[in-house]
Every structure is written in structure tokens, then in C-alpha cells.
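Here are some short exercises to help you find your way around a new structure. Try each one yourself before you read the solution.

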Amino acid sequence: MEKGSAILIGNWKMHKTVADSTHFIEALKKVPIKKTDVRIATPFTALYSAAKAAFGSKIAIGAQNVNEHITGPYTGEISALMVREAGATFSLVGHSERRHLYHESDAVVAKKVRLLLETNLQVVLCVGEKKEERERGETELVLAKQIHHALNHLEKALLKNVIIAYEPVWAIGSKTAACPKEVEEIHKMCKNTLLSQDVPILYGGSVTAANAGEFLKQPHIDGLLIGGASLEIEKFQEIIQIGEALS
Ligand code: PGA
């Protein structure tokens with residue numbers, strides 16, 4: 001299948017107040033975006049104001065997580081319906097920080113995926129192996145398990161709204177990105193053997209303007225999930241410019 005325009009998603013994690021987010025989106029709106037699909041996953045508190053600031057532009061706003069239930073007695077939790085109402089058009093699910101710091105299981109991730117899709121929100125399913133799993137040669141096994149649990153139960157029509165982000169845990173926030181050629185092989189394996197239909201796969205983990213181009217040039221890398229480098233407009237803008245030139 002033809003490679004489409006690059007999908008570039010900023011993951012702000014627990015950074016930026018409402019004021020910071022609005023300021024950033026206003027600046028981002030000035031960046032020429034013609035071919036790339038640019039999105040930001042903001043903290044819950046900034047969703048509404050960021051979506052309002054992005055209104056009328058090509059920038060999509062999304063959440064970083066939702067609860068696995070749609071409503072109910074879950075103190076401190078936020079549902080897919082709530083983030084949609086606040087202006088989100090997508091949500092990350094199963095980010096490694098959720099899986100490992102907050103012990104989210106594959107079963108919980110699968111529930112979130114279905115709920116989001118049934119709420120008409122796009123899903124960015126994050127998957128990736130830990131350092132020790134990679135050292136034991138288990139990368140393929142880990143990805144197969146995470147992808148099968150999250151997506152196998154879905155009807156084909158729902159799968160159209162899924163994007164996968166391959167983020168090796170050891171590469172996240174480590175300043176050591178994975179090797180683009182190795183990532184290309186892993187994406188190719190996922191597309192050829194783990195997925196029944198074409199699902200875009202992004203790479204994430206210490207992406208910067210210095211390495212973004214090498215990743216985006218690979219035929220099976222459909223875009224990037226960017227943490228640290230999405231927090232400063234100058235750095236994020238540079239990555240968008242690289243994506244625009246290669247799309
Ligand atoms: P990083 O984070 O770019 O700061 O490594 C990526 C992510 O966790 O999504």
C-alpha cells in the first residue's frame with residue numbers, strides 16, 4: 001500500500017497548563033501545515049482550551065488516556081465521552097508509562113480501545129518491548145501479544161480508526177532512539193504478519209529534529225509520536241518541516 005502523509009503526534013504527558021497550551025497552539029497555527037497530519041495529545045485540563053484554539057486549523061487535539069468504563073463510580077477518572085465533549089478527536093491508549101507505572105494490563109487496554117472506537121474517537125495504540133525483553137529476543141512476541149489483545153476482537157470497520165505507535169520502552173525519554181532500519185523491519189513484520197489490514201504505524205522514543213528524517217524516510221514508518229521534542233514550538237516546528245518535505 002502507498003505510504004500516506006506523515007502523522008506527527010505530540011505527546012505532552014504531564015506538561016503545560018491551560019495558558020501554556022493555548023499559547024503553544026496559537027504559535028503552532030502559524031506553522032505551514034499542508035501535507036502532514038499534526039496532532040497534540042494534551043493533559044485533560046487543557047483539552048477544551050487547546051481544541052478551541054485549534055478550531056479552524058488542521059491541528060487535531062486528543063487525550064493521553066481514558067478510563068475503561070464510559071461512566072460510573074470511578075473517582076478521579078475521565079471517560080471517552082468526556083474527552084470527546086471537550087474537543088478530543090483521538091486518544092492514546094496503553095502508553096508504556098500507563099502500562100508500567102500504572103500497571104495497565106492488556107485486558108484493560110483492550111477495553112479502552114473498544115470504548116474509544118465506539119465513542120467515535122480515533123485510537124493511537126502504543127506498544128513496545130522493555131529493554132530486557134529486547135535482550136532476550138522477545139520483541140516480536142511482546143508486540144504480537146499487545147497487538148492481538150488490543151485489536152483481535154475488533155470488527156474490521158472499527159480497525160479503520162486505529163493507529164499503532166511502536167515505542168520501545170528503552171527508547172522513551174532516554175535520548176537514545178532506536179535504529180531507523182531496525183524499526184523499519186519491526187514495522188514491516190507487524191504489517192505483514194500481525195495485522196489483517198493496513199493500519200498506520202508510527203515510531204516513538206527520543207525523536208528529535210536530528211533523527212526524524214531518517215525515520216520518516218523508511219517505507220513502513222508512517223509517522224512519529226514525539227514526547228520531549230513536542231514541548232517546545234521551535235523543536236516541534238522543525239520536525240513538522242521535515243515531515244512536510246518528505247510527505
Ligand atoms: P520521548 O517520548 O519523545 O520524550 O522519548 C515519547 C513518548 O513517550 O511518547
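**Exercise 1.** How far is an oxygen atom of the ligand from an N or O atom in the side chain of Glu167?

*Solution.* Keep in mind as you work that this is a predicted model.
- Step 1. Start at the side chain of Glu167: one of its N or O atoms is 2.7 Å from an oxygen atom of the ligand.
- Step 2. Turn to the backbone of Gly173, where an N or O atom lies 2.6 Å from a ligand oxygen.
- Step 3. Go on to Ser206, which has a polar backbone atom 2.7 Å from an oxygen atom of the ligand.
- Step 4. Now look at how well the ligand is covered: alone it exposes 280 Å², and the protein buries 94% of that.

**Exercise 2.** Describe the shell of residues around the ligand, then find the pocket that holds the ligand.

*Solution.*
- Step 1. Count the neighbours: the ligand is surrounded by 14 residues. The closest are Lys13, His95, Glu167, Gly173 and Ser206.
- Step 2. Sort this shell by class, and you get five nonpolar, seven polar and two charged residues.
- Step 3. Place the ligand: it sits in the second largest pocket.
- Step 4. Look at that pocket itself. The second largest pocket holds about 430 Å³ of space, and 23 residues line it. Nearest its centre are Ser206, Val207, Gly227, Gly228 and Ala229.
- Step 5. Classify the lining of the second largest pocket: eight residues are nonpolar, 11 are polar and four are charged.

**Exercise 3.** Which helix gives the most to the lining of the largest pocket?

*Solution.*
- Step 1. Find the space first: the largest pocket contains about 560 Å³. Among its 21 lining residues, those closest to the centre are Lys13, Met14, Gln64, Asn65 and Arg98.
- Step 2. Check which elements contribute. Both α2 (44-54) and α4 (96-101) supply at least two residues of this lining.
- Step 3. Pick the top contributor: α4 gives the most, with three residues.
- Step 4. Finish with the classes, which for the lining of the largest pocket are nine nonpolar, eight polar and four charged residues.

**Exercise 4.** How many cavities of 30 Å³ or more does a search of the whole structure find?

*Solution.*
- Step 1. Recall the idea behind the search: rolling a probe the size of a water molecule over the atoms shows where empty space is left.
- Step 2. Read off the result: the search finds one cavity of 30 Å³ or more. The largest cavity has about 30 Å³ of space.
- Step 3. Trace its walls, made by Arg134, Tyr166, Trp170, Ala178, Glu182, Val183 and Ile186.
- Step 4. Match the walls to a helix: α9 (residues 180-194) provides the largest share of the lining of the largest cavity, three residues.
- Step 5. Sort the cavity lining by class: five residues are nonpolar, none is polar and two are charged.

Technical notes. Residues are numbered from 1 along each chain as its sequence is written. This is a predicted model: local features need pLDDT of at least 70, side-chain atom pairs count only at pLDDT 80 or more; totals for chains, interfaces and linings use all residues. Side-chain values use heavy atoms; hydrogens and water are left out. A residue is near a molecule or strand if one of its heavy atoms lies within 4 Å of it. A polar contact is a pair of N or O atoms within 3.5 Å; within protein, one must be able to donate a hydrogen and the other to accept it, and residues adjacent in sequence count only if both atoms are side-chain atoms. Accessible areas come from the Shrake-Rupley method with a 1.4 Å probe; for residues, only the protein chains shown count as cover. On a 1 Å grid over the protein atoms alone, a cavity is a set of points where a 1.4 Å probe fits but cannot get out, and a pocket is an open set with protein on both sides within 12 Å along at least five of seven lines; lining residues have an atom within 4 Å of a point. A molecule sits in a cavity or pocket if more than half of its atoms lie within 2 Å of its grid points. Ala, Val, Leu, Ile, Met, Phe, Trp, Tyr, Cys and Pro count as nonpolar, Asp, Glu, Lys and Arg as charged, and the others, Gly among them, as polar. Grid points are joined across faces, edges and corners, and a volume is the space filled by probe spheres set on the points. Helices (H or I, at least four residues) and strands (E, at least two) are DSSP runs, numbered from the N terminus.
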